[in-house]
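Me: I have a structure open and would like to learn how to read its strands and its surface. Could you walk me through a few features?

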Amino acid sequence: MAQRHNLGRSEKYHALPRTLYALLFDDGGCYIGQSSNPQQREKQHRSQQGGWHRPFQFQVLNVVTATRAEAEAHEQAWRVRASKEGWRVYAKPPGIVINPHRRATPQVRWLALQCRWTLGTPSRRPSERIRWWPWILAGASLLLLARCVIG
């Protein structure tokens, strides 16, 4: 059973075991967070006030003993790793997509290289599998058609 800490507002300054976790959504998105009490945090995410009004899987990524600021660097590293694995990374609810690479410092990038993502790749809907080349074909066809019509 997890050890309980009653440190109040000074909790963020103490090196405690902090669980880094992912909320995985069916649409290929994920939210990465950290908590010193993951069971309580999962309940908060699942509550009506939690903001995520759709089903998700709660997955533990890692446990680090760190201050809150140090754990936030690990949290950002996991966001970078999730993005590299093909997941859309969400900020706070309702699911605003962010680019975790923009805020990644060299330390965070180094930490991301140490992270081992074992949760697989997201399943994509067929509409999301379309790449850039069909747009080039459509544009070229449209230009050819315009040239034939104009003369």
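**Reading strands and a surface patch**

Reply: Happy to! Let's begin with a single bridge: cysteine 30 has valine 89 in β4 as its bridge partner. Keep in mind that this is a predicted model.

Me: How many bridges join β2 to β4, and do the strands run parallel or antiparallel?

Reply: Strand β4 covers residues 88-90, and two bridges join β2 to β4 in a parallel arrangement.

Me: In which sense do β1 and β2 pair?

Reply: That pairing is antiparallel, with six bridges between β2 and strand β1, residues 16-24. To find one spot on screen, look for alanine 22, which sits opposite isoleucine 32 of β2.

Me: What should I look for in the hairpin of β1 and β2?

Reply: Look at the link, where four residues lie between the strands and glycine 28 has a positive phi near 90°.

Me: Is β2 mostly covered or open?

Reply: Mostly covered: in β2, residues 29-35, seven of seven residues are buried. Check each face in turn. Gly29, Tyr31, Gly33 and Ser35 are buried on one side, and Cys30, Ile32 and Gln34 are buried on the other.

Me: Now the surface. Why is valine 149 called exposed?

Reply: The word applies when relative accessible area is over 50%. Valine 149 counts as exposed because its value is 65%. You will find valine 149 in helix α4, residues 133-150.

Me: Which residues form the nonpolar patch on the surface?

Reply: Val149 forms it together with Leu142, Leu145 and Ile150, and their combined accessible area is about 490 Å².

Technical notes. Residues numbered from 1 in each chain as written. Predicted model: local features only at pLDDT ≥ 70, side-chain atom pairs only at ≥ 80, totals over all residues. Heavy atoms only, no water. Patch = residues over 30% accessible without salt bridge, like charges linked within 9 Å, V, L, I, M, F, W, Y side chains within 5 Å. Areas by Shrake-Rupley, 256 points an atom, 1.4 Å probe, with all protein chains shown as cover. Salt bridge = Lys/Arg side-chain N within 4 Å of Asp/Glu carboxyl O. Buried < 20%, exposed > 50% of the residue type's maximum accessible area, 1.4 Å probe, protein only. Pairing = 2+ DSSP bridges.
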